[in-house]
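I'm opening a fresh page for this chain. The plan is to look up a few backbone oddities, then the overall build, the cores and the empty spaces.

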Amino acid sequence: PGAIGLYNVGQSCCLNSLLQVFLMNIRFTGILRRITVPPHAGRKRRNVPYQMLLLLEEMQCGKRKAVFPIDLARCLSVHSVKLFVQHDAAQLFLTLWNLIKNQMKKPELVEELSYLYTICVQEHLACQKCSLETKRNSSMLTLPLPLLDADSRMLKSLEDCLQYFFRPEELTDHNMCFCEQCGRKTPFLQSMKLVHLPQTLTIHLKRFCFGESAYVHKLSHYLPFPQDLDFNAILTENQCQADDNEKASWQYELFAVVAHSGSTSCGHYCAYIRSLTECKWYCFNDSQVCQVSWDDVKCTYGHSNLNW
């Protein structure tokens with residue numbers, strides 16, 4: 001099934017977890033196998049997609065329980081990805097994806113990669129004093145969902161977080177915007193509408209909060225998420241800017257969870273991934289890989305004493 005571990009090469013648990021999520025996605029590896037191989041040895045060492053392809057082949061062709069991702073780690077360090085430090089998974093995911101996308105030479109592969117991962121939203125700004133409204137489409141790689149509402153109350157489910165993320169927000173007082181039609185600062189209504197969702201949707205739970213003196217602490221409270229997610233059942237018509245054909249594809253099955261235990265300053269990552277060929281869940285904890293149940297995956301719902 002390709003359930004092969006990756007040895008930790010120095011605080012690389014975050015990198016290992018993300019690599020497993022990429023390489024267990026058969027749609028992604030289908031793109032990766034069609035890349036242009038760099039012509040020279042020096043370029044091969046610096047090319048992230050090529051090094052990921054070599055790692056994938058080593059994982060699939062060998063009979064070892066785990067392999068060392070050293071060559072890929074060296075390649076990433078050339079591109080200013082620091083080694084031997086604790087990374088934030090969402091930030092490192094964005095860095096890896098951009099490196100992969102920018103180093104793919106075939107335009108059709110770049111387009112396929114974007115279709116596989118990129119979210120499109122439409123941002124609306126409407127003046128509350130006149131009829132002026134501006135719209136702007138923008139792309140996102142993840143949906144960064146807050147876990148607290150405006151009053152710092154904990155949201156209770158993933159569906160609640162999604163509804164809160166797409167809710168309209170009034171910009172008043174010191175948050176007012178300048179209206180060109182009114183010629184002054186006025187209250188605005190800011191909203192975001194969903195235009196397009198990718199084949200593989202990545203959701204980022206923002207489990208951090210700023211306290212006094214800019215102190216950042218982790219939010220470890222319980223937040224359940226389902227195995228199946230239908231955006232048509234969560235968002236209202238006013239929160240969507242898409243036709244019926246587009247909305248018909250807004251149904252998802254959970255494929256992977258990247259989980260962190262510990263605090264904001266130290267901790268450990270692992271990944272729970274459902275094999276798309278076997279439909280079985282595995283826990284990837286660096287070099288250790290084992291089959292798990294859905295009840296095991298539920299431990300990533302969150303609490304302060306998380307044990308794999």
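In which loop is Asp286 found? I looked it up in the model, which is a predicted one: Asp286 sits in the loop between β17 (281–285) and β18 (288–292).

**Entry 1: positive phi**

I stopped at Asp286 for its backbone, since its phi is positive, about 55°, and the residue is not a glycine. Most residues other than glycine have a negative phi, so I wanted to see the surroundings too. With a relative accessible area of 12%, which is under the 20% cut-off, Asp286 counts as buried.

Ser152 also went on my list: not a glycine, yet its phi is positive at about 65°. I found Ser152 in the loop between β5 and α8. Buried or exposed, I asked of Ser152? Its relative accessible area is 53%, and the cut-off for exposed is over 50%, so Ser152 is exposed.

**Entry 2: overall build**

I counted the secondary structure next and got 10 helices and 18 strands for the protein chain. The radius of gyration is 21 Å, close to the 19 Å that the globule rule gives for 308 residues, so the chain is as compact as a globular protein of that length. Along the principal axes, I have the C-alpha trace spanning about 65 × 45 × 40 Å.

Burial came next: 46% of the 308 residues are buried. For contacts with a separation of 6 or more, I noted that 61% are between residues 24 or more positions apart.

**Entry 3: the cores**

Nonpolar side chains tend to be buried together in soluble globular proteins, and I went looking for where that happens here. The largest nonpolar core has 39 residues, and the members touching the most others are Phe22, Phe28, Met52 and Tyr117. Which helices feed this core with at least two residues each? My list reads α1 (13–23), α2 (26–32), α4 (48–61), α5 (70–78), α6 (89–103) and α7 (107–117).

I then followed Tyr117 by itself. Leaving aside residues up to four places away in sequence, Tyr117 touches Phe22, Asn25, Phe28, Phe93, Trp97, Met140, Leu141, Pro198, Thr200 and Thr202. Apart from the largest core there is another one, with 38 residues, including Leu197, Cys209, Cys240 and Tyr252.

**Entry 4: empty space**

How many cavities of 30 Å³ or more are there? I get 1. The largest cavity holds about 30 Å³ of space. Lining this cavity I find Ile35, Thr36, Asn47, Pro49, Gln103, Met104 and Lys105. By class, that lining splits into 3 nonpolar, 3 polar and 1 charged.

I also looked at the second largest pocket, which has about 410 Å³ of space. It is lined by 15 residues, and those closest to its centre are Pro146, Leu148, Asp149, Tyr164 and Lys206. At least two lining residues come from each of β5 (143–146), α8 (158–165) and β11 (208–210). The largest share belongs to β11, with 3 residues.

Which classes make up the lining of this pocket? I noted 11 nonpolar and 4 charged residues, and no polar ones.

One cross-reference before I close the page: β5 and α8, which both help line the second largest pocket, are also the elements on either side of the loop that holds Ser152.

Conventions
Residues are numbered from 1 along each chain as its sequence is written. This is a predicted model: local features need pLDDT of at least 70, side-chain atom pairs count only at pLDDT 80 or more; totals for chains, interfaces and linings use all residues. Side-chain values use heavy atoms; hydrogens and water are left out. A nonpolar core is a set of buried Ala, Val, Leu, Ile, Met, Phe, Trp, Tyr and Cys residues joined through side-chain atoms within 4.5 Å. Buried means under 20% relative accessible area, exposed over 50%, partly exposed in between (1.4 Å probe, protein chains only). Helices (H or I, at least four residues) and strands (E, at least two) are DSSP runs, numbered from the N terminus. Contact means heavy atoms within 4.5 Å. On a 1 Å grid over the protein atoms alone, a cavity is a set of points where a 1.4 Å probe fits but cannot get out, and a pocket is an open set with protein on both sides within 12 Å along at least five of seven lines; lining residues have an atom within 4 Å of a point. Grid points are joined across faces, edges and corners, and a volume is the space filled by probe spheres set on the points. Ala, Val, Leu, Ile, Met, Phe, Trp, Tyr, Cys and Pro count as nonpolar, Asp, Glu, Lys and Arg as charged, and the others, Gly among them, as polar. The radius of gyration is taken over C-alpha atoms; the globule rule is 2.2 Å times the number of residues to the power 0.38.
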